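Student: I would like a close look at the pockets of this protein, and at one of them in particular. Please take me through it step by step.

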Amino acid sequence: MPSKSKKAAGDGGRLPLIPKEMVNLFVTGPMTGEAINEAGAAFKKALIEASLAAELSHHLDSAAGAESPESAGNHRNGSTPKTILTGDGKIRIETPRDRDGSFEPLLVPKHARRFGTCQRL
């Protein structure tokens, strides 16, 4: 008989453990279902944007805020807003970009509007 934690995961898989300290950043008292959904969407947005920033760092071969090598001709160049459709509804994210336009995100590819269906990882 499957355990309750596996049933809660929905697909039979295990959910990642979230440290209590992180949960406490979101919970300031009793929450409604709507407030929990909003916190989940905010967390999903933050994870997507952090992952995209990591992809750009890998593409540029330098961490954000670090000195770029003098030979590097390409640099970070702000971000572009994009609305994507997730299983939880629409989320507006900021997609990082580079100066020469060669950055092709894998998590949310250019022109993709649905999250979770286009990953090439």
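Student: Which element gives the most to the lining of the largest pocket, and with how many residues?

Tutor: In this predicted model, α3 gives the most to the lining of the largest pocket, with four residues. The pocket itself has a volume of about 290 Å³, and the elements that give two or more residues to its lining are α2, which spans 20-26, and α3, which spans 33-60. Taken along the chain, the residues that line the largest pocket are I18, M22, V23, F26, V27, M31, I36, A39, G40 and F43. When these lining residues are divided by class, nine are nonpolar, one is polar and none is charged; the polar one is G40, because Gly is counted among the polar residues in this scheme.

The second largest pocket can be set beside it. This pocket has a volume of about 230 Å³ and is lined by 15 residues, of which T80, K82, T95, K110 and H111 lie nearest its centre. Here the elements are strands: β1 (76-86) and β2 (89-98) each supply at least two residues of the lining, and the largest share, four residues, comes from β2. By class, the lining of the second largest pocket has six nonpolar, four polar and five charged residues, whereas the lining of the largest pocket has no charged residues.

Methods: Residues numbered from 1 in each chain as written. Predicted model: local features only at pLDDT ≥ 70, side-chain atom pairs only at ≥ 80, totals over all residues. Heavy atoms only, no water. 1 Å grid on protein atoms, 1.4 Å probe; cavity = no way out; pocket = protein on both sides within 12 Å on 5 of 7 lines; lining within 4 Å. Points joined across faces, edges and corners; volume = space filled by probe spheres on them.
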